[in-house]
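Reader: I would like to go through one strand and its surroundings in this model. Please keep the answers short.

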Amino acid sequence: MTLTAIFDLDGTLLDSDAALVGAFLTLGVDRDAITFGHVIAEECARLGLSLDDYVAAYDTGAAMPFPGVEGLLEHLDRWAICSNKHPQSGRDELTRLGWRPQVAMFADAFSGPKRLEPVLAAMDLHPGEVVFVGDTAHDRWCATALGIPFALAGWNPRAGSAPGDIVLATPTDLLDLLGG
Ligand SMILES: [Mg+2]
């Protein structure tokens, strides 16, 4: 059986920490106050920033794919993005990179932090037919809440593993997991 991959974007496919941090620093946030993996509107509210100012300060040209990610995506017929990223920033990134996931859901697709149910519904897939690849504790929760295998983007040095994770050393390691 072949599994379908759903990916988080920032910190999983895109090495976007520098871009995220850069926007916050531009807006005067202390580097020590910056954390990752949040709904951007909530994080801006926590830091006392306007979301519009954040989106304007975010350099959509700054984030690069992690090494091996583009080679992986070339092998996939069908894949999806499930991200807390602001939809404008997220869609700009996909356009810039020429990436065409079958489904891409960003923060505006969820009422609150992202969940995988709407992505599965849009792809007409069941939890047993997918793998979720991510880099944060919330990503892990999204997968385990539905009994979906969670593959950790082990190529991101910031990603910490937990028991039960499938830790991928490189993006192309996912191909073995997906089977065929
Ligand atoms: Mg992430």
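Reader: Which residue of β7 does Val133 stand opposite?

Author: The model is predicted. In it, β6 and strand β7 (residues 150–153) pair in the parallel sense over three bridges. Within that pairing, the residue opposite Val133 is Ala151.

Reader: Which residue in β6 does Ala5 stand opposite?

Author: Strand β1 (residues 4–7) also pairs with β6 in the parallel sense, over four bridges. Thr4 stands opposite Val130. For Ala5, the residue opposite is Val131.

Reader: How many residues of β6 are buried?

Author: A residue counts as buried if 20 or more other C-beta atoms lie within 10 Å of its own. Val130, Phe132 and Gly134 point one way from β6, Val131 and Val133 point the other way, and all are buried. For the strand (residues 130–134), the count of buried residues is therefore five of five.

Reader: Which handedness has the β-α-β unit of β6, α7 and β7?

Author: Helix α7 (residues 137–144) belongs to this unit together with the two strands. α7 lies across β6 and β7 and runs at about 170 degrees to β6. The unit is right-handed.

Reader: Which strands stand at the edges of the sheet?

Author: The open sheet has six strands in the order β5-β4-β1-β6-β7-β8, with parallel pairing. Each edge strand has a single partner strand, so one side of each is left without a neighbour in the sheet. Neighbouring strands are turned by 25 degrees against each other on average, direction ignored. The edge strands are β5 (103–105) and β8 (166–168).

Key
Residues numbered from 1 in each chain as written. Predicted model: local features only at pLDDT ≥ 70, side-chain atom pairs only at ≥ 80, totals over all residues. Buried ≥ 20, exposed ≤ 12 C-beta atoms within 10 Å, placed from the backbone. Pairing = 2+ DSSP bridges. Right-handed = clockwise from strand over helix to strand, strands pointing away. Axes fitted to C-alpha atoms, helices over the stretch in contact; angles between N-to-C directions. Contact = placed C-beta atoms within 7 Å.
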